[in-house]
Amino acid sequence: MRPLPSGSRKNRGISLGLLALCLAAARCLQSQGVSLYIPQPTINATVEEDILLSVEYSCHGIPTIEWKYTSNWGAQKIVEWQPGTQANISQSHKDRLCTFDNGSIQLFSVSVRDSGYYVITVTERLGRSQFGTIVLHVSEILYEDLHFVAVFLAFLAAVAALLISLMWVCNKCAYKFQRRRHKLKGNSLGPVIIHHALMAGGGAC
């Protein structure tokens, strides 16, 4: 068998080198897969607030993003989309959900029923996926506590008014008592003065 010319061996070596490089690059890309970052995994909110469920992802190509909602009332898929395309939003969140290309969603005018677990799944074209969870707790404004404080302050004001009234009555009674005492003292001194006057007149005769 005749050996291959040096030029053919060189071209063949270059081709094999390029093939190995492409395979290594493909393996490197596959090993990276999808990464997902959730800056705030737990969110506390009050009724009627607008809440941003913020996430960031990185992957190769255009992924499919899906959000699911799970709570005591059940589980459902609320939205699914690919960045740059129109989102498929469920009927329950049709007019109060907004999507962003980085995978985040925003809920408008949340209620107590919106409390629960929000699971995001990012799936790339090759089928690899990554998911994360955000816990949302929505509480009502504590009108009952404010009502209790208002009632307590009204009670304190009523007690203060009652004490002021009692002090005024006591002061009035004390003033009348002192006035009556002075009057009785003046009446008792009258006969004594007359008696002394008569005694003095009798002595003169």
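Colleague: In which sense do strand E5 and strand E10 pair, and over how many bridges?

Modeller: Strands of a sheet pair through backbone hydrogen bonds, and the pairing may be parallel or antiparallel. In this predicted model, strand E5 (residues 64–71) and strand E10 (residues 116–123) run in the antiparallel sense, with 7 bridges between them. Two positions help to locate the pairing on the structure. Tyr 69 has Tyr 118 in E10 as its bridge partner, and Trp 67 stands opposite Ile 120 in E10.

Colleague: Which strand pairs with E5 over 7 bridges and forms a hairpin with E5?

Modeller: That strand is E6 (residues 74–81), which pairs with E5 in the antiparallel sense over 7 bridges. The hairpin formed by E5 and E6 has 2 residues between the strands. Tyr 69 serves as a guide here as well, since Tyr 69 stands opposite Gln 76 in E6.

Colleague: How many residues lie between E10 and E11 in their hairpin, and which residue in the turn has a positive phi?

Modeller: There are 5 residues between E10 and E11, and Gly 127 in the turn has a positive phi of about 100°. Strand E11 comprises residues 129–139, and its pairing with E10 is antiparallel over 8 bridges. To follow this pairing by eye, begin at Tyr 117, whose bridge partner in E11 is Val 135.

Colleague: What is the order of the strands in the open sheet?

Modeller: A sheet is read by passing from each strand to its neighbour. Here 6 strands form an open sheet in the order E2-E11-E10-E5-E6-E7, with mixed pairing. Strand E2 (42–46) and E7 stand at the edges and have a single partner strand each, so one side of each lacks a neighbour in the sheet. At the E7 edge, E6 and E7 run antiparallel and are joined by 2 bridges; Glu 80 stands opposite Asn 88 in E7.

Colleague: How does this sheet fit into the chain, and what pattern does the protein chain follow along the sequence?

Modeller: The protein chain contains 2 helices and 11 strands. Along the sequence the pattern is α-β-β-β-β-β-β-β-β-β-β-β-α. A further way to read the fold is to ask how far apart in sequence the contacting residues lie. Among contacts between residues at least 6 apart in sequence, 53% join residues at least 24 apart.

Colleague: Turning to the side chains, how many salt bridges does a search of the whole structure find, and which residues are linked in a network?

Modeller: The search finds 4 salt bridges. A network of salt bridges links Glu 66, Lys 68, Lys 77 and Glu 80. Within this network, Glu 66 meets Lys 68 in a salt bridge with an N to O distance of 3.9 Å. Glu 66 also meets Lys 77, again at 3.9 Å, N to O. The pair of Lys 77 in strand E6 and Glu 66 in strand E5 links distant parts of the chain, 11 residues apart.

Colleague: Which of Glu 66, Lys 68 and Lys 77 are buried, and which are partly exposed?

Modeller: The reading rests on relative accessible area: a residue is buried under 20% and exposed over 50%, with partly exposed in between. Glu 66 has a relative accessible area of 17% and is therefore buried. Lys 68, at 40%, counts as partly exposed, and Lys 77, at 38%, is likewise partly exposed.

Colleague: Which residue forms a salt bridge with Asp 114, and how far apart are the closest N and O atoms?

Modeller: The partner is Arg 96, and the closest N and O atoms are 2.7 Å apart. Asp 114 lies in the loop between strand E9 (105–107) and E10, and Arg 96 in the loop between strand E7 (88–89) and strand E8 (97–99), so the pair ties together parts that are 18 residues apart in sequence. Asp 114 counts as buried at 4% relative accessibility, whereas Arg 96, at 22%, counts as partly exposed.

Colleague: What share of the residues in the protein chain is buried, and what is the accessible surface?

Modeller: Buried residues account for 20% of the 205 residues in the protein chain. The accessible surface of the protein chain is about 15400 Å², and 62% of that surface belongs to carbon and sulfur atoms.

Technical notes:
Residues are numbered from 1 along each chain as its sequence is written. This is a predicted model: local features need pLDDT of at least 70, side-chain atom pairs count only at pLDDT 80 or more; totals for chains, interfaces and linings use all residues. Side-chain values use heavy atoms; hydrogens and water are left out. Two strands pair if DSSP finds at least two bridges between them. Helices (H or I, at least four residues) and strands (E, at least two) are DSSP runs, numbered from the N terminus. Buried means under 20% relative accessible area, exposed over 50%, partly exposed in between (1.4 Å probe, protein chains only). Contact means heavy atoms within 4.5 Å. Accessible areas come from the Shrake-Rupley method with a 1.4 Å probe; for residues, only the protein chains shown count as cover.
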